[in-house]
Amino acid sequence: MRVGLDLEGFGGQMDLAFTGLLHTLRTGGPAWETVFGTPFWEYLAARPAMAASFDATMAAGTDYVIDAAAGYDWSGARHVVDVGGGTGALLAAVLETDPALRGTLVDLPDTVRRGREHLAARGLGDRCAFAGQSFFDPLPEGGDVYVLSSVLHDWADRDAARILGRCAEAAGAGGRVLILQQHGTEGGDRAEMDLRMLVLCGGRERGLDDYRALAAGAGLTVAAVRTTPLGQVAIDCAPVAG
Ligand SMILES: C[S@@+](CC[C@H](N)C(=O)[O-])C[C@H]1O[C@@H](n2cnc3c(N)ncnc32)[C@H](O)[C@@H]1O
């Protein structure tokens, strides 16, 4: 938990954004940019040390990563593409479930650079490709599962739909898109995160019907929904037939 409690790192910065809560309540817009003067992702892009602290905070939930890797049946997959995969904590855990699996880590260039080091240190570098790019641009093709773990909740509907659309496009007729939601899709647990996403970056938590609608807009259908032992929801999306 240390990284999240570091007041000089992303943990402290994130909570300072709540001093602008009234702005969010009055306007529905993110407080972050009124408190810090720049939208969330631009702010991180301009501050490498804070971006590294953000990446470390995202990678800190090891239990959740192991839970997600173990709580899904990867046996049908040969190539997993983790989109917005941070520094590769989840991808590493997934690759470790099966020595025949290959992976691609997609994230912003600096984060992917840190991810490359992380995967190499775990002895997985030669089974992984790296794409330092925006997920709003066309994604690497050839994967059979495109994972979006805690990514869509950072974005309002229009942008979330664009990201999902890029995954569907790259997955093609034979691929799947797996949405992993750490905070479930209903109930009290997600309420705090719902507000947090709105305050930080204008995102939101979503229920299953919201995901079904987003998926349909990207030419996908929700084929299966599973809840992992720690309560993450795995929403397995397949292309709409025909
Ligand atoms: C909330 S984190 C989730 C990270 C990881 N998937 C996890 O489950 O911990 C969102 C990720 O999206 C990445 N991201 C934000 N904007 C992006 C963009 N335009 N293109 C690619 N990645 C982006 C961030 O760098 C970050 O790693």
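This report describes a predicted model, from its two domains to its salt bridges and a few single residues.

Local features need pLDDT of at least 70, side-chain atom pairs count only at pLDDT 80 or more, and totals for chains, interfaces and linings use all residues. Residues are numbered from 1 along each chain as its sequence is written, and side-chain values use heavy atoms, with hydrogens and water left out.

## Two domains

The domain assignment gives domain 1 (1-58) and domain 2 (61-239). Such bounds come from an automatic or database domain assignment. The contact takes 17 residues from domain 1 and 13 residues from domain 2. Contact means heavy atoms within 4.5 Å. The centres of domain 1 and domain 2, taken over C-alpha atoms, are 22 Å apart.

About 1300 Å² is buried between domain 1 and domain 2. Buried area is the accessible area (1.4 Å probe) that two parts lose on being put together, summed over both. Carbon and sulfur atoms give 66% of the area between the domains. Which residues of domain 1 lose the most area to domain 2? They are Phe18, Trp41 and Asp55, together 41% of what that side buries.

Between domain 1 and domain 2 there are 2 salt bridges. A salt bridge is a side-chain nitrogen of Lys or Arg within 4 Å of a carboxyl oxygen of Asp or Glu.

## Helices H6 and H7

Helices (H or I, at least four residues) and strands (E, at least two) are DSSP runs, numbered from the N terminus. Buried means under 20% relative accessible area, exposed over 50%, and partly exposed in between (1.4 Å probe, protein chains only).

Helix H6 covers residues 48-58. Its buried residues are Met50, Ala51, Ser53, Phe54, Asp55 and Thr57. Their cover includes helix H1 (2-5), helix H2 (10-16), helix H5 (40-45) and helix H9 (109-121).

Helix H7 (residues 62-70) has Val65, Asp67, Ala68 and Ala69 buried. The buried residues of H7 pack against helix H8 (89-95) and strand E5 (176-181).

## Salt bridges

How many salt bridges does a search of the whole structure find? The search finds 14 salt bridges. Three pairs are set out here.

| Pair | Closest N to O |
|---|---|
| Aspartate 55 and arginine 114 | 2.9 Å |
| Aspartate 157 and arginine 204 | 3.3 Å |
| Aspartate 209 and arginine 212 | 3.4 Å |

Take aspartate 55 and arginine 114, whose side chains meet in a salt bridge. This pair links distant parts of the chain: aspartate 55 is in helix H6, arginine 114 in helix H9, and 59 residues separate them. Aspartate 55 counts as buried because its relative accessible area is 6%.

Next come aspartate 157 and arginine 204, also joined by a salt bridge. Aspartate 157 is in helix H10 (residues 157-171), while arginine 204 sits in the loop between helix H11 (189-201) and H12, 47 residues apart. Aspartate 157 is partly exposed, at 38% relative accessibility. Arginine 204 is partly exposed too, at 28%. A network of salt bridges links Asp157, Arg204, Arg206 and Asp210.

The third pair is aspartate 209 and arginine 212. Both lie in helix H12, 3 residues apart, about one turn of the helix. Is aspartate 209 buried or exposed? Aspartate 209 is exposed, because its relative accessibility is 60%. Arginine 212 is partly exposed, at 40%.

## Single residues and a surface patch

Tyrosine 211 is also found in helix H12 (residues 208-217). Its relative accessibility is 0%, so tyrosine 211 counts as buried. Beyond neighbours within four places in sequence, tyrosine 211 contacts Leu152, Ile179, Gln181, Thr185, Arg206 and Ile235. The C-alpha atom of tyrosine 211 is 21 Å from that of tyrosine 64, and the two are 147 residues apart along the chain.

Threonine 228 is in the loop between strand E6 (220-227) and strand E7 (233-239). With a relative accessible area of 5%, threonine 228 is buried. Residues up to four places away in sequence aside, threonine 228 touches Asp67 and Gly71.

On the surface, Leu22, Leu25 and Leu195 form a nonpolar patch. Patches are made of residues with over 30% relative accessible area and no salt bridge: like charges are joined within 9 Å, nonpolar side chains (Val, Leu, Ile, Met, Phe, Trp, Tyr) within 5 Å. Together the three leucines have about 280 Å² of accessible area. Accessible areas come from the Shrake-Rupley method with a 1.4 Å probe; for residues, only the protein chains shown count as cover. Leucine 22 lies in helix H3 (residues 21-27).
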